[in-house]
Every structure is written in C-alpha cells, then in structure tokens.
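Trainee: I am new to this structure and would like a close look at a single part of it. Please take one hairpin and then show what lies around it.

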Amino acid sequence: METRRYLVSGRVQGVGFRFFTQREADKIGVSGFVRNLDDGRVEVVASGSAEQLAKLRAALERGPRFSDVTGVVEEVTEPQSDAGGGFYVA
C-alpha cells in the first residue's frame, strides 16, 4: 500500500473534476480524498497499490470532459487516517 498526493493544475475547478476523480477512484479501488485549493488547483490524496495509483494518475492527467489539465505534480505522503477506507470529496 502506497500513498500519493497529486496537485492538479489547469482548468480543474468548476468542471466537475472532484466528482470525476471520486468516480475514477471508486472504480480503481483506491481510498483517500479530493478537494479544491484556494489557488485554483485540485489536491488528491490517494492510497492503493502502485498499479492502482498509476491508473489514477492517468485519469487525473486526462480529467473530465470540460477540464484542461496542464500539470500533475505527484508526491509521496503519509496515509491519511481520516480516509475511512473509501474515497470522498472534501
């Protein structure tokens, strides 16, 4: 089990990005959360296998239909104790 923090930039707020991420994360089977940041980026913290996290990153780079992702920064981080085993929109 690994945990990653992704910072997604571009046109990623106001286009359904958080709910897209939640659906993708649920399909892939990772736990964690997604939230908007004040600077216009979206933050995603997810825990899963390396393969699951690679699939999630690919989904984040693609984004939902009306988004325009210009960058995804990935960082190793500690597991989040409040994730509760599922994936949620914060």
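Mentor: In the hairpin of β2 and β3, five residues lie between the strands, and G40 takes a positive phi near 95°. This is a predicted model, and what follows describes that model. The two strands of the hairpin pair in the antiparallel sense, over six bridges. One of the residues involved is N36, whose bridge partner in β3 is V42.

Strand β2, residues 31-36, also has β5 as a neighbour: three bridges join these two strands, which run parallel. Two of the bridge partners can be named here. F33 has Y88 as its partner in β5, and V34 has V89.

The hairpin belongs to an open sheet of five strands with mixed pairing, in the order β4-β1-β3-β2-β5. At the edges are β4 (68-76) and β5 (87-89), each of which pairs on one side only. From one strand to the next, the twist averages 15°.

Within β2, S31 deserves a separate look, since that residue lies in this strand. Is S31 buried or exposed? S31 counts as buried because its relative accessibility is 15%, and the cut-off for buried is under 20%. Leaving aside residues up to four places away in sequence, S31 touches V45, A46, S47, G85, G86 and F87. Of the strands just described, β3 covers residues 42-48, while β5 covers 87-89.

Two helices lie across the sheet. Helix α1 (residues 17-28) lies across β1 (2-11), β2, β3, β4 and β5, and runs at about 170° to β5. Both strands of the hairpin are therefore among the strands that α1 lies across. Helix α2 (residues 50-62) lies across β1, β3 and β4, and runs at about 5° to β1.

Helix α1 also holds a pair of aromatic residues. F17 and F20 both lie in this helix, three residues apart, which is about one turn of the helix. Both of these residues are buried. A pair of aromatic rings is described by the distance of the centres and the angle of the planes. The count of aromatic pairs comes to two. For the rings of F17 and F20, the centres are 6.0 Å apart and the planes are at 55°, so this pair is tilted.

Definitions and conventions:
Residues are numbered from 1 along each chain as its sequence is written. This is a predicted model: local features need pLDDT of at least 70, side-chain atom pairs count only at pLDDT 80 or more; totals for chains, interfaces and linings use all residues. Side-chain values use heavy atoms; hydrogens and water are left out. Two strands pair if DSSP finds at least two bridges between them. Helices (H or I, at least four residues) and strands (E, at least two) are DSSP runs, numbered from the N terminus. Axes are lines fitted to C-alpha atoms, for helices over the stretch in contact, and angles run from 0 to 180 degrees between N-to-C directions. Contact means heavy atoms within 4.5 Å. Buried means under 20% relative accessible area, exposed over 50%, partly exposed in between (1.4 Å probe, protein chains only). Rings of Phe, Tyr and Trp (its six-membered ring) pair if their centres lie within 6.5 Å; planes under 30 degrees apart count as stacked, over 60 as edge-to-face and the rest as tilted.
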